[in-house]
Amino acid sequence: MSERLCTVLLYSDDPQVRDRMRLAVGTRPASDLRVEFVEASTYAECVRVVDDYEIDLMLLDGEASPGGGLGIARQVKDDYENAPPTCVVIARAADRWLAAYAEVDATLVHPLDPVTTAATVAEVLRTHAPA
């Protein structure tokens, strides 16, 4: 089985949160997937990265400020015809209804569990694999 290299955009205004997301995903979330990361700390940086790279997944911090991951997910889905899939890390499981409104593909809850995070990221990457 060949492995697929995927580019994951990590978004948070907090570098420590981006580090925790990177560590929870790891560079090999599954045996058939290898991940490289690009980072953004503002909405403008997210847009620039989506424009400049072929992003396979946007992993967004729903608690970021001033632009939260849910708002960015919704805006990117509205603005891009072929928006990358999104996974938003939220603070409360009860906020999943907001994630549904934002049309995110998956949610995770702070604090991140590495097993659940890697499995969720792998599932989204496989489900939304390029044709």
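This passage walks through a few local features of a predicted model.

A good place to start is the pairing of the two strands E1 and E2. Strand E1 covers residues 4–11 and strand E2 covers residues 33–40; the two run parallel and are joined by 8 bridges. Within this pairing, Leu-9 sits opposite Val-38 of E2. Helix H1 comes into the picture too, since E1, H1 and E2 together form a right-handed β-α-β unit.

Arg-18 belongs to that helix, H1, which spans residues 15–25. Is Arg-18 buried or exposed? With a relative accessible area of 11%, Arg-18 is buried, because anything under 20% counts as buried. Leaving aside residues up to four places away in sequence, Arg-18 touches Leu-10, Tyr-11, Ser-12 and Asp-13, and also Glu-39, Ala-40 and Ser-41. Of these partners, Leu-10 and Tyr-11 fall in the range of E1, and Glu-39 and Ala-40 in that of E2.

Next comes Asp-61, found in strand E3, which takes in residues 57–61. An unreviewed UniProt entry places the feature "modified residue: 4-aspartylphosphate" at this position, Asp-61. Asp-61 is buried as well, its relative accessible area being 3%. And which residues does Asp-61 touch, once those up to four places away in sequence are set aside? Among them are Tyr-11, Ser-12, Asp-13 and Val-17. Further along the chain, Asp-61 also touches Gly-68, Gly-69, Val-89 and His-110. Tyr-11, Ser-12 and Asp-13 thus turn up in the contacts of Asp-61 and in those of Arg-18.

The loops hold some backbone details of their own. Past E3, a cis peptide bond links Ser-65 to Pro-66, with omega at about 5°. Pro-66 is part of the loop that runs between E3 and helix H3 (69–79). Another cis peptide bond joins His-110, one of the residues touching Asp-61, to Pro-111, and here omega is about -10°. Pro-111 lies in the loop between strand E5 (106–109) and helix H5 (114–127).

One more loop residue deserves a look. Glu-103 is located between helix H4 (96–101) and E5. Its phi is near 60°, which is a positive value in a residue other than glycine. How accessible is Glu-103, buried, partly exposed or exposed? Glu-103 counts as partly exposed, at 40% relative accessibility, because that class covers values between the 20% cut-off for buried and the 50% cut-off for exposed.

Key: Residues are numbered from 1 along each chain as its sequence is written. This is a predicted model: local features need pLDDT of at least 70, side-chain atom pairs count only at pLDDT 80 or more; totals for chains, interfaces and linings use all residues. Side-chain values use heavy atoms; hydrogens and water are left out. UniProt positions are given in the numbering used here, feature names are shortened, and annotations may be inferred rather than shown by experiment. Helices (H or I, at least four residues) and strands (E, at least two) are DSSP runs, numbered from the N terminus. Buried means under 20% relative accessible area, exposed over 50%, partly exposed in between (1.4 Å probe, protein chains only). Contact means heavy atoms within 4.5 Å. Two strands pair if DSSP finds at least two bridges between them. A crossover is right-handed if, with the strands pointing away from the viewer, the path from the first strand over the helix to the second runs clockwise.
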